[in-house]
Amino acid sequence: MKLRQMGKTNKKLSYVLRENEGASLVLVSIIAIIIITGIIVLRMTTNTLLASADKQQQQDQAYMIAVSLGDSIDKAMKNGDITDPHALNGLDDSANTKYAIPNSEVRVTVKDYPSAMETYTVITVYSKVADAEYEYKLTYLNSGAVYVRQY
């Protein structure tokens, strides 16, 4: 009798262990799925952040190219090295910028806007790095042969 009871007890114990083993297997599978999902989400987030950083760098480079050339033009105008800004119209300095920053370009356009008594001259420096673009505008009041920067 005791052997029979021990056999039944072993079967019950074996059944309980198997049930817990099944639950453990399910629990381990759920944890593995959560970890794998977390890794995939982290990888996608990292790729998105890196792409955003690259785009920001291109925007910063386009800004710096335009502002640098624009400030150089303004300094030359103040020093009298450039007496007629219209000579800059159509200037394309992309060949020089490509050495420093690949896939970049910079151009200058000059337009006059006459009003009743005076003429405003706007020098626009346009730069592009990959997909990022920036325009830097310098506005001058033309009084005869003198150009005065307007802010």
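Reader: Is Ile31 buried, partly exposed or exposed?

Author: Good place to start, and do keep in mind that this is a predicted model. Ile31 has a relative accessibility of 44%. Buried would need under 20% and exposed over 50%, so Ile31 counts as partly exposed.

Reader: Which residues form a nonpolar patch with Ile31 on the surface?

Author: Ile31 itself lies in helix H1, which covers residues 2-79. The patch has about 390 Å² of accessible area in total. Together with Ile31, its members are Leu27, Ile35 and Ile39.

Reader: Let's turn to the sheet. Which strands stand at its edges?

Author: Four strands make an open sheet with antiparallel pairing, in the order E1-E2-E3-E4. An edge strand has a single partner, so one of its sides is left without a neighbour in the sheet. That describes strand E1 (104-114) and strand E4 (146-150).

Reader: How many bridges join E1 to strand E2?

Author: E2 spans residues 119-129, and the two strands run antiparallel. You can spot Thr109 opposite Thr124 in E2. The number of bridges joining E1 to E2 is eleven.

Reader: How many residues apart in sequence are the parts tied together by the aromatic pair?

Author: A search of the whole structure finds one aromatic pair. Tyr63 and Tyr134 meet edge-to-face, at 5.0 Å centre to centre and with 80° between the planes. Because Tyr63 lies in helix H1 and Tyr134 in strand E3 (residues 132-143), the pair links parts whose separation in sequence is 71 residues.

Reader: What is the relative accessible area of Tyr134?

Author: Its partner Tyr63 counts as partly exposed, at 37% relative accessibility. Tyr134 is partly exposed too, and its relative accessible area is 29%.

Notes. Residues numbered from 1 in each chain as written. Predicted model: local features only at pLDDT ≥ 70, side-chain atom pairs only at ≥ 80, totals over all residues. Heavy atoms only, no water. Patch = residues over 30% accessible without salt bridge, like charges linked within 9 Å, V, L, I, M, F, W, Y side chains within 5 Å. Areas by Shrake-Rupley, 256 points an atom, 1.4 Å probe, with all protein chains shown as cover. Salt bridge = Lys/Arg side-chain N within 4 Å of Asp/Glu carboxyl O. Buried < 20%, exposed > 50% of the residue type's maximum accessible area, 1.4 Å probe, protein only. Pairing = 2+ DSSP bridges. Phe/Tyr/Trp six-rings, centres within 6.5 Å; stacked < 30°, edge-to-face > 60°.
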